[in-house]
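Here is a walk through one protein chain, taken piece by piece. Keep the structure open as you read.

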Amino acid sequence: MTDLSAPAIILRDLIRCRSVTPAEGGALDVLGSRLEALGFDIHRMTFSEDGTPDVENLYARLGSGAPHLCFAGHTDVVPPGDEASWTLEPFAGEVRDGMMYGRGAVDMKGGIACFLAAVEALLAHGPLPGSISFLITGDEEGPAINGTDKLLQWVAERGDVIDACILGEPTNPNALGDAIKIGRRGSVSGKLTVHGTQGHAAYPHLANNPVPRLMRLLDTLLTEPLDDGTEAFQATNLEVTSIDVGNPFVNVIPAAASAHFNVRFNDSWTADSLMAEIVGRLDEGAQVPPHRGSNEPTRYEIEWRDRPSHVFLTKNEALIDAVRSSVEAETGRVPEISTGGGTSDARYIKDYAPVVEFGLVGQTMHQVDERVALADLDALTAIYQRVIQDWFQSQAA
C-alpha cells in the first residue's frame, strides 16, 4: 500500500465526501476539524434564495491583524456520471500507479488539500506574521448564488479586510507550472427571439417566416468581430449555442424562432456597453428584410439570461510575483501569465481583494476517472508554502 503524504491524506478524506452540488457531504466537516485543530476560528453558514437550493459554506481565519492572506475554493463537485465507467470508485480516493482517482481530485479538492497541508507545515514551525483564512463554498459548480458572493459579503460585514487572495482552481493545461491566471474575461448570455406569422409552407405569402429573419439577425452579430483583443486579453467571442423553433411539422411555417448565445468579452467592454452594442447591431439588422418574404422590419426581443460576469485583471505585483517565483523555484518552469478560459469565483473575489488563480493540472476535471498525480500534490503543497512565506515577506518590506 502506498504511504500517503499529508496533502494526499487530506484529499482522500475530502474525495470520500460525496459533496455533489449542492450537498455538503461532510467535506466542510473534514476541513473544519483540521482547521480547528490549528487554532482557526470556524464559521459555517448556510445561504438561501428563492428558487435555488440552500448551500452551506465555511470561513475560517487564524489571526486578527494585517496583512491578511485568504485562500478560496470550493468543495462541491459535479456528478460522477456513470460510476461503472470509472477505473476506480469516484468517491473512494484510491491510488493506482501514482495517481489518486476521485471526483474533485483536481477540481478542486486537491487544491484545498494542498493549501491546508502547506499551512499545517508552516504553523508547525511557528505562527505566521499576520492572518490567514480559508473561504470555501459549496456552490461553485451550481448556480453560484448562495456561495462565494454571499460569503464575501458576510466577511466584509463582519469587518474583515482581505489583502490578497489565492484561488486554487486547476489552472495548468498540461503540467504543474504551466500557467497562472491573473484575470478572466466577462460573460454575457442572451436569448434572441424573432416573431413572425404562422402559416402553411405551401402558401408563404400568407405567413411571415421568422427563421430567415433570425438568421439575418445572427449574421449581424457574427459577421463583424466585436474587437481584435487587447494587450491582456484575447478577442471577444460570441457563440450561438442553440437555435430553436419548436416545430414538429415540416409543412408549417412557425410563429417564432429563437437562438441562445454566450459572449466572453475582454476589457474593451463592460457588460452594459457590450449589451448595448449587441442591441444596436440587432436594431440595424432588423431594418433589413431577408432575401425573400415580407419587407416589414423584423420584430424581435432579447432576454438577457443569468447575471453577467464582469471582466477583471489583477495588477497586484506583490501577489503575482509571489506566485510566479514560487512556481519557478519548485517546478523550474516559467508559467504563462494567463487570462484565458471560462469564469470562476474570482469574478466575485476581485471586488474585495486582488486575486490570483493557481492550482493543479486540469486535464481530467469533470471527466470519468478524474485523477491527480501524487507527485503534483506534493509539489503544489511546496509551491503554496513558498507563496505564503514570500507574500508575507513582501508585505513586511
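Which residues are linked with Asp29 in a network of salt bridges? The partners are Arg44 and Glu56. The model is a predicted one, and side-chain atom pairs count in it only at pLDDT 80 or more.

Stay with charge for a moment. Side chains of opposite charge can pair when their charged atoms come close. The salt bridges here number 17. One of them joins Glu370 to Arg103, with 2.7 Å between the closest N and O atoms. Glu370 sits in the loop between strand 18 (355-357) and strand 19, and Arg103 in the loop between strand 5 and helix 3 (109-123), so the pair ties together parts that are 267 residues apart in sequence. Are these two residues buried or exposed? Glu370 is buried, and Arg103 is buried too.

A second salt bridge runs from Glu357 to Arg184, and its closest N and O atoms are also 2.7 Å apart. Glu357 belongs to strand 18 and Arg184 to strand 9 (residues 183-184), so parts 173 residues apart in sequence are tied together by this pair. Glu357 and Arg184 are both buried.

Now take Glu330 and Arg386. Their salt bridge brings the closest N and O atoms to 2.5 Å. Glu330 is in helix 7 (residues 317-331) and Arg386 in helix 9, so to speak of distant parts of the chain: the two are 56 residues apart. Glu330 has a relative accessible area of 33%, so it counts as partly exposed. Arg386 is also partly exposed, because its relative accessibility is 33%.Helix 9 leads on to a sheet. What is the strand order of this open sheet of 3 strands? The order is 4-5-19, and the pairing is antiparallel. Strand 4 (95-96) and strand 19 (371-373) are the edge strands, each pairing on one side only. Strand 5 (residues 99-101) and strand 19 run antiparallel and are joined by 3 bridges. Across this pairing, Tyr101 of the chain stands opposite Arg371 in strand 19. Helix 9 (residues 374-396) packs on the sheet and touches strand 4, strand 5 and strand 19. The direction of helix 9 makes about 65° with that of strand 19. Helix 1 (residues 6-15) lies across strand 5 and strand 19. Helix 1 runs at about 20° to strand 5.

Move to helix 5. Does its length fit, and what span should its 13 residues have? At 1.5 Å a residue, residues 210-222 should span 18 Å, and the end C-alpha atoms of helix 5 are 18 Å apart, which agrees. At the start of helix 5, Asn209 places a side-chain oxygen within 3.0 Å of the backbone nitrogen of Val211. An α-helix has 3.6 residues a turn, so residues three or four places apart point the same way. The buried residues of helix 5 are Pro210, Pro212, Arg213, Leu214, Leu217, Leu218 and Leu221. What do they pack against? Their partners include strand 10 (186-195), strand 12 (237-244), strand 14 (256-265), helix 6 and strand 15.

Two of those helix 5 residues, Arg213 and Leu217, are in contact with Thr298. Thr298 lies in the loop between helix 6 (271-286) and strand 15 (299-309). Thr298 counts as buried because its relative accessibility is 8%, and the cut-off is under 20%. The side chains of Thr298 and Arg213 make a polar contact of 2.8 Å. Leaving aside neighbours within four places in sequence, Thr298 is also in contact with Val194 and Ala286.

The loop on the other side of helix 6 holds Ser268, between strand 14 and helix 6. Ser268 has a relative accessible area of 40%, so it is partly exposed. Not counting neighbours within four places in sequence, Ser268 is in contact with Asp227 and Thr230. Ser268 and Asp227 are 41 residues apart along the chain, and 7.7 Å separates their C-alpha atoms.

Finish at Trp154, in helix 4 (residues 148-157). Trp154 counts as partly exposed, because its relative accessibility is 25%. Which residues does Trp154 touch, not counting those up to four places away in sequence? They are His43, Met45, Phe47 and Tyr59. Trp154 and Tyr59 are 95 residues apart along the chain, with their C-alpha atoms separated by 9.6 Å.

Methods:
Residues are numbered from 1 along each chain as its sequence is written. This is a predicted model: local features need pLDDT of at least 70, side-chain atom pairs count only at pLDDT 80 or more; totals for chains, interfaces and linings use all residues. Side-chain values use heavy atoms; hydrogens and water are left out. Helices (H or I, at least four residues) and strands (E, at least two) are DSSP runs, numbered from the N terminus. Buried means under 20% relative accessible area, exposed over 50%, partly exposed in between (1.4 Å probe, protein chains only). A polar contact is a pair of N or O atoms within 3.5 Å; within protein, one must be able to donate a hydrogen and the other to accept it, and residues adjacent in sequence count only if both atoms are side-chain atoms. Contact means heavy atoms within 4.5 Å. The expected span of a helix is 1.5 Å times one less than its number of residues. Two strands pair if DSSP finds at least two bridges between them. Axes are lines fitted to C-alpha atoms, for helices over the stretch in contact, and angles run from 0 to 180 degrees between N-to-C directions. A salt bridge is a side-chain nitrogen of Lys or Arg within 4 Å of a carboxyl oxygen of Asp or Glu.
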